[in-house]
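Work through these exercises with the structure open beside you. Try each task before reading its solution.

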Amino acid sequence: MRDESCIFCKLAAGEIPSATLYEDENFRVILDLSPAAKGHALIIPKEHYRNLYDLDEKLAAEVLVLAKKMVVKLKGILDCDGYNIVQNNEEAAGQTVFHFHMHLIPRYKGDNVGLGWKMGKLSDADKEEILSKVM
């Protein structure tokens with residue numbers, strides 16, 4: 001299913017020109033038009049899924065295999081020092097386009113790409129609360 005108003009549905013279908021790095025029946029991998037670093041790419045499913053919560057489990061497995069394949073190939077091409085694989089769900093987590101996608105961000109020593117968070121400490125209360133609800 002597609003969402004005709006979704007820009008990523010149009011990108012995945014090839015209706016909007018993009019630099020396509022890879023394509024198969026389920027995904028299109030393109031260079032990000034607003035890259036965090038040289039070689040920043042996006043994996044976009046051709047079907048519309050709002051985010052990871054809605055993504056079919058089979059495609060969820062396939063997207064991680066594809067991410068590995070792409071970063072292994074691109075690391076050699078870009079001669080980068082590492083990779084961030086980023087996937088945001090909902091606005092509070094940084095999702096701005098509500099079509100599931102995965103960022104493949106090459107990292108270079110000293111690149112100043114602003115990914116990260118302030119490290120906290122797991123409290124005993126939080127640990128016990130979460131474990132009691134999960135187990």
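**Exercise 1. Place K10.** Is K10 buried, partly exposed or exposed in this predicted model?

*Solution.*
Step 1. Find the element: K10 lies in helix α1, which covers residues 7–13.
Step 2. Read the accessibility. The relative value for K10 is 27%.
Step 3. Compare with the cut-offs. Buried means under 20%, and exposed means over 50%. K10 is therefore partly exposed.
Step 4. List the contacts. Setting aside neighbours within four places in sequence, K10 touches R2, E4, E15 and I16.
Step 5. Take one distance. K10 and L59 are 49 residues apart in sequence, and their C-alpha atoms are 19 Å apart.

**Exercise 2. Follow the charges.** Which residues does the salt-bridge network that includes R2 link?

*Solution.*
Step 1. Start with the total: the whole structure has 9 salt bridges.
Step 2. Take R2. This residue pairs with E4, and their closest N and O atoms are 3.5 Å apart.
Step 3. Check the cut-off. A salt bridge needs nitrogen and oxygen within 4 Å.
Step 4. Extend the pair. R2, E4 and E15 are linked in a network of salt bridges.
Step 5. Check the surroundings. R2 is partly exposed because its relative accessibility is 29%. E4 reaches 54%, so E4 is exposed.

**Exercise 3. Look along a helix.** How many residues apart are D124 and K127 in helix α3?

*Solution.*
Step 1. Locate both: D124 and K127 lie in helix α3.
Step 2. Count the spacing. They are 3 residues apart, about one turn of the helix.
Step 3. Look at the side chains. D124 and K127 form a salt bridge, with 3.9 Å between the closest N and O atoms.
Step 4. Classify each. D124 has 58% relative accessibility, so D124 is exposed. K127 has 32% and is therefore partly exposed.
Step 5. Look at another pair. R107 and D111 meet in a salt bridge at 2.9 Å, N to O. D111 is partly exposed because its relative accessibility is 24%.

**Exercise 4. Find the core.** Which residues have the most contacts inside the largest nonpolar core?

*Solution.*
Step 1. Recall a general tendency. In soluble globular proteins, nonpolar side chains tend to be buried together.
Step 2. Name the centre. The largest nonpolar core holds 17 residues, and I43, M102 and L104 have the most contacts inside it.
Step 3. Trace the suppliers. β2 (27–31), β3, α2 and β5 (102–107) each give this core at least two residues. The largest share, 8 residues, comes from α2.
Step 4. Move to the second core. A separate core of 8 residues includes C6, F8, I30 and L42.
Step 5. Zoom in on M102. Beyond its neighbours within four places in sequence, M102 contacts several residues, among them I43, V63 and I85.

**Exercise 5. Test the cysteines.** Why is there no disulfide between C6 and C9?

*Solution.*
Step 1. Recall the bond. A disulfide is a covalent bond between the sulfur atoms of two cysteines.
Step 2. Check the count: the structure holds 0 disulfides.
Step 3. Find the nearest partner. For the sulfur of C6, the nearest cysteine sulfur is that of C9, 3.8 Å away.
Step 4. Compare with the cut-off. A disulfide needs two sulfur atoms within 2.5 Å. At 3.8 Å, the sulfur atoms of C9 and C6 are too far apart for a bond.
Step 5. Classify both. C6 is buried because its relative accessible area is 8%. C9 has 0%, so C9 is buried.

**Exercise 6. Place N51.** Where is N51, and is N51 buried or exposed?

*Solution.*
Step 1. Locate N51: the loop between β3 (41–45) and α2 (57–78) holds this residue.
Step 2. Read the accessibility. N51 has a relative accessible area of 1%, so N51 is buried.
Step 3. List the contacts. Apart from neighbours within four places in sequence, N51 touches N89, E90, Q95 and F100.

**Exercise 7. Read the surface.** Which residues form a nonpolar surface patch with about 460 Å² of accessible area?

*Solution.*
Step 1. Name the members: I130, L131, V134 and M135 form this patch.
Step 2. Pick I130. This residue belongs to helix α3 (residues 124–134).
Step 3. Classify I130. Its relative accessibility is 48%, so I130 is partly exposed.

Conventions: Residues numbered from 1 in each chain as written. Predicted model: local features only at pLDDT ≥ 70, side-chain atom pairs only at ≥ 80, totals over all residues. Heavy atoms only, no water. Patch = residues over 30% accessible without salt bridge, like charges linked within 9 Å, V, L, I, M, F, W, Y side chains within 5 Å. Areas by Shrake-Rupley, 256 points an atom, 1.4 Å probe, with all protein chains shown as cover. Salt bridge = Lys/Arg side-chain N within 4 Å of Asp/Glu carboxyl O. Helix = DSSP H or I, 4+ residues; strand = E, 2+ residues; numbered from the N terminus. Buried < 20%, exposed > 50% of the residue type's maximum accessible area, 1.4 Å probe, protein only. Contact = heavy atoms within 4.5 Å. Core = buried A, V, L, I, M, F, W, Y, C linked by side-chain atoms within 4.5 Å.
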